[in-house]
Every structure is written in structure tokens, then in C-alpha cells.
Amino acid sequence: MVHVATSLFTHSWLRLSVTGRENIDNTRGGILLFNHQSFLDPLLAAVRLSRPVSYLARDSLFVIPVVGWILRNTYVTPLNRTAFRGSSIRQALERLESGFLVGVFPEGTRTPDGEVKAFRPGFLSLVRRSDVPIYPVGISGADKAMPRGAWFVRPARITIHYGAPLTAAECEQLRENRNEKAAAELARQRVMENQLLAAKNLSTRALT
């Protein structure tokens, strides 16, 4: 019921378009790394996929009307914004082993201007304890639908692009590089590439 309601909402009110789903291996678990534009992001980024996404999402999202209700009734693990706690990581690893996709927003908070900000290195704790594909995902337009400070969702066009998984060499850099800042920046660059693709797709749609 939650999925049906969210699908109708994103199709009619938000005019959501999704590309790149063919990049995701549906036979195994995987980590999705998203840029963060809006409180809507956890809902938007999973609604067009063929299986659930188990999110690690800020605990503050659970108090937002409608959004919080949906999060509590789906596969979302609340996460303190200042740290990746052991119990959250263990639950995420269990879900990866069970074949779930696990979604993470490494910026830690919504962007104030639509740009992809620096990634906090906490997500590397999950990456380094797993051996699954890592997918960079770009979201564009969500900040127009529900910008920072807004409590109501505006009608808007939103585009999401699921990128190809990080290469074996890139995954090794994330898992082996002890320079967490450099490792986090590598992941940010890949997400930013896909956010730019999503933005390009959004601009193309606006002209049609």
C-alpha cells in the first residue's frame, strides 16, 4: 500500500523520471550512494526499483509528517547524523547479505544550493565491511519540490540517474585507502557525475 501511494504521488505531483536502472545487479545486495537535496530523497530514490531499498536515514526524518510515517513502515534504519553506530551498521550488513539494496546519503544533510557537498566519511565503515557493488546515484530537482525550510511539497519535475557500479579499482580505493577524506572525495566525484547526468536529463525534459 505504501509503495502504491508513493508511486502515484511521484508520478502525478512530482513527475518523476528515472534512468539507469539497468546498471543495478538484481541478483545480489548493493550499496547505493545518493546526493541529498530534499527530505523526499529516500522516497524518490526507491519507488521505481523492482525491490526494496533499506536506507540508513537521519533519525530527524522520522518526525516529519507523511515522510516519517512512510519511513517507519518501510525498510529504513534511523541513524544519528553525527555517527554510524554499530547497531545500524550490523543491521545494514545483514540486509546486504540477504540481498537488499542499502541506500546512504553521505553528505549527511540536505544541500542548501543544489550542489553536491563534501561526503562525511562515516559511510566508509559500511563499505569496508562489505563486498557488494557500490552504485553512485544522482538526484536532480528534488530541492525545487521541497527545499530546505519547506514543509509542503511543491509540484516539480525530478530526475534520478542510477550510475554504473564503481570499478574494482575504485572499490579497492574506498576499502583500502586509509586517507578517509580522499576516499570519500572519490565517491563524491562519482555521485556528482551522475547528478550532472540527472540534471542534464531534467533540462531535456523541460524543453519537451
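Are Phe-34 and Phe-105 buried or exposed? In this predicted model, Phe-34 is buried, and Phe-105 is buried too. The two residues make a convenient starting point for a walk through the aromatic pairs and their surroundings.

The overall setting comes first. The protein is built with eight helices and seven strands. It has 208 residues, of which 52% count as buried. Its accessible surface amounts to about 10000 Å², with carbon and sulfur atoms contributing 56% of that area. Contacts across the sequence are well represented: when residues at least 6 apart in sequence are considered, 74% of their contacts join residues at least 24 apart.

Turning to the rings, four aromatic pairs emerge from a search of the whole structure. One of them brings together Phe-34 and Tyr-55, whose ring centres lie 6.0 Å apart; their planes meet at 50°, and the pair is therefore tilted, since this angle falls between the 30 and 60 degree limits. Distant parts of the chain are linked by this pair, as Phe-34 belongs to strand β2 (residues 30–34) and Tyr-55 to strand β3 (residues 53–58), a separation of 21 residues. Both partners, Phe-34 and Tyr-55, are buried.

Phe-34 also pairs with Phe-105. Here the ring centres are 5.1 Å apart and the planes stand at 25°, so this pair counts as stacked, the angle being under the 30 degree cut-off. Again distant parts of the chain are linked: Phe-34 sits in strand β2, while Phe-105 is found in the loop between β5 (101–104) and α5 (124–127), 71 residues apart. Through such ring pairs, Phe-34, Tyr-55 and Phe-105 are joined into a cluster.

Phe-105 leads on to a neighbour, His-36. This histidine is placed in the loop between β2 and α2 (41–44). Its relative accessibility is 3%, so His-36 counts as buried, the cut-off being 20%. A polar atom of the His-36 side chain lies 3.4 Å from the backbone oxygen of Ser-38. Leaving aside residues up to four places away in sequence, His-36 touches Asp-41, Arg-58, Phe-105, Glu-107, Thr-109, Arg-110 and Thr-111. Phe-105, a member of the ring cluster, is thus also among the contacts of His-36.

Arg-110, another residue touched by His-36, takes part in an arrangement with a further ring. The charged end of Arg-110 is positioned over the ring of Phe-39, at 3.8 Å from the ring centre.

Technical notes. Residues are numbered from 1 along each chain as its sequence is written. This is a predicted model: local features need pLDDT of at least 70, side-chain atom pairs count only at pLDDT 80 or more; totals for chains, interfaces and linings use all residues. Side-chain values use heavy atoms; hydrogens and water are left out. Rings of Phe, Tyr and Trp (its six-membered ring) pair if their centres lie within 6.5 Å; planes under 30 degrees apart count as stacked, over 60 as edge-to-face and the rest as tilted. Helices (H or I, at least four residues) and strands (E, at least two) are DSSP runs, numbered from the N terminus. Buried means under 20% relative accessible area, exposed over 50%, partly exposed in between (1.4 Å probe, protein chains only). A charge sits over a ring if NZ of Lys or CZ of Arg is within 6 Å of the ring centre and within 35 degrees of the ring normal. A polar contact is a pair of N or O atoms within 3.5 Å; within protein, one must be able to donate a hydrogen and the other to accept it, and residues adjacent in sequence count only if both atoms are side-chain atoms. Contact means heavy atoms within 4.5 Å. Accessible areas come from the Shrake-Rupley method with a 1.4 Å probe; for residues, only the protein chains shown count as cover.
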